[in-house]
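Me: I am new to this structure. Can we go through it in short questions and answers?

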Amino acid sequence: MMMPEDRFGDSRDEIHWGLPDPDRQSAFYDMVATKRALAFLVDLIIGVVIAALIVPFTAFTGIFFFPFLVAVVSFAYRVITIANGSATWGMRLMGIEFRDRNGARFDLGMAALHTTLFTVWCSVGILQVVSVVLMATTARAQGLTDLILGTAAINRPSSY
């Protein structure tokens, strides 16, 4: 009989039992931290462009609160795209996607929760720095939000 620790890795790693094992299936995590950084830049550009397109519809008053407008647009963009494909457009371009602790793609609730925590970290600079350091140093390239929720970004499996 195959025990869970035989199939999924060390039994000490029970919180991540549905995610690929970083030692046995390292291809799922190759270059993920770098891809996440590049995806972040792509998504930031998309958020700024969408916000800029909205400004004329605010009678140009949106110029006065443009950073807030970008934050709101980026939040909505992230929740919608992650809920509909477990990845933002930037992440899809980089070939990565989010998975929850069971290995499933994100639903709307998880997308909203992950995006909310991500937004909090971005607004508190030191927490975002901690998150980036964690992505660069953990076996699954998990940021602070991922560690709290038990999620991870992985290279998209070839079957998708």
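Me: What share of the contacts between residues at least 6 apart in sequence join residues at least 24 apart?
Reply: The model is a predicted one. Take the contacts in the chain between residues at least 6 apart in sequence. The share that joins residues at least 24 apart is 60%.

Me: Which pattern do the helices and strands follow along the sequence?
Reply: The chain has seven helices and two strands. Read along the sequence, their order is α-α-α-α-β-α-α-α-β.

Me: What percentage of the residues in the chain is buried?
Reply: Buried means under 20% relative accessible area. The chain has 160 residues. Of these, the buried part is 41%.

Me: How much of the exposed area do carbon and sulfur atoms supply?
Reply: The chain exposes about 8900 Å². Of that area, carbon and sulfur atoms supply 70%.

Me: Why is the pair of tyrosine 77 and tryptophan 89 given the name it has, and what is that name?
Reply: The whole structure holds three aromatic pairs. In this one, the ring centres are 5.5 Å apart and the planes stand at 75 degrees. Planes over 60 degrees apart earn one particular label. The pair is therefore edge-to-face.

Me: Which helices does that pair link?
Reply: Tyrosine 77 and tryptophan 89 are twelve residues apart, and the pair links distant parts of the chain. Tyrosine 77 lies in residues 66-85 and tryptophan 89 in residues 89-94. Those are helices H3 and H4.

Me: Is tryptophan 89 buried, partly exposed or exposed?
Reply: Its partner tyrosine 77 is buried, with a relative accessible area of 6%. Tryptophan 89 has 45% relative accessibility. That lies between the cut-offs of 20% and 50%, so tryptophan 89 counts as partly exposed.

Me: Are the rings of phenylalanine 98 and phenylalanine 106 stacked or edge-to-face?
Reply: Both phenylalanine 98 and phenylalanine 106 are buried. Their rings lie 5.0 Å centre to centre, with 10 degrees between the planes. An angle under 30 degrees settles the label. The pair is stacked.

Me: Is threonine 145 buried or exposed?
Reply: Threonine 145 lies in helix H7, residues 144-149. Its relative accessibility is 4%. The cut-off is 20%, so threonine 145 counts as buried.

Me: Which residue in contact with threonine 145 has the charged end of arginine 78 over its ring?
Reply: Beyond its neighbours within four places in sequence, threonine 145 is in contact with His114, Leu117, Phe118, Trp121 and Thr151. The charged end of arginine 78 sits 4.0 Å from the centre of a ring. That ring belongs to phenylalanine 118.

Notes. Residues are numbered from 1 along each chain as its sequence is written. This is a predicted model: local features need pLDDT of at least 70, side-chain atom pairs count only at pLDDT 80 or more; totals for chains, interfaces and linings use all residues. Side-chain values use heavy atoms; hydrogens and water are left out. Helices (H or I, at least four residues) and strands (E, at least two) are DSSP runs, numbered from the N terminus. Buried means under 20% relative accessible area, exposed over 50%, partly exposed in between (1.4 Å probe, protein chains only). Contact means heavy atoms within 4.5 Å. Accessible areas come from the Shrake-Rupley method with a 1.4 Å probe; for residues, only the protein chains shown count as cover. Rings of Phe, Tyr and Trp (its six-membered ring) pair if their centres lie within 6.5 Å; planes under 30 degrees apart count as stacked, over 60 as edge-to-face and the rest as tilted. A charge sits over a ring if NZ of Lys or CZ of Arg is within 6 Å of the ring centre and within 35 degrees of the ring normal.
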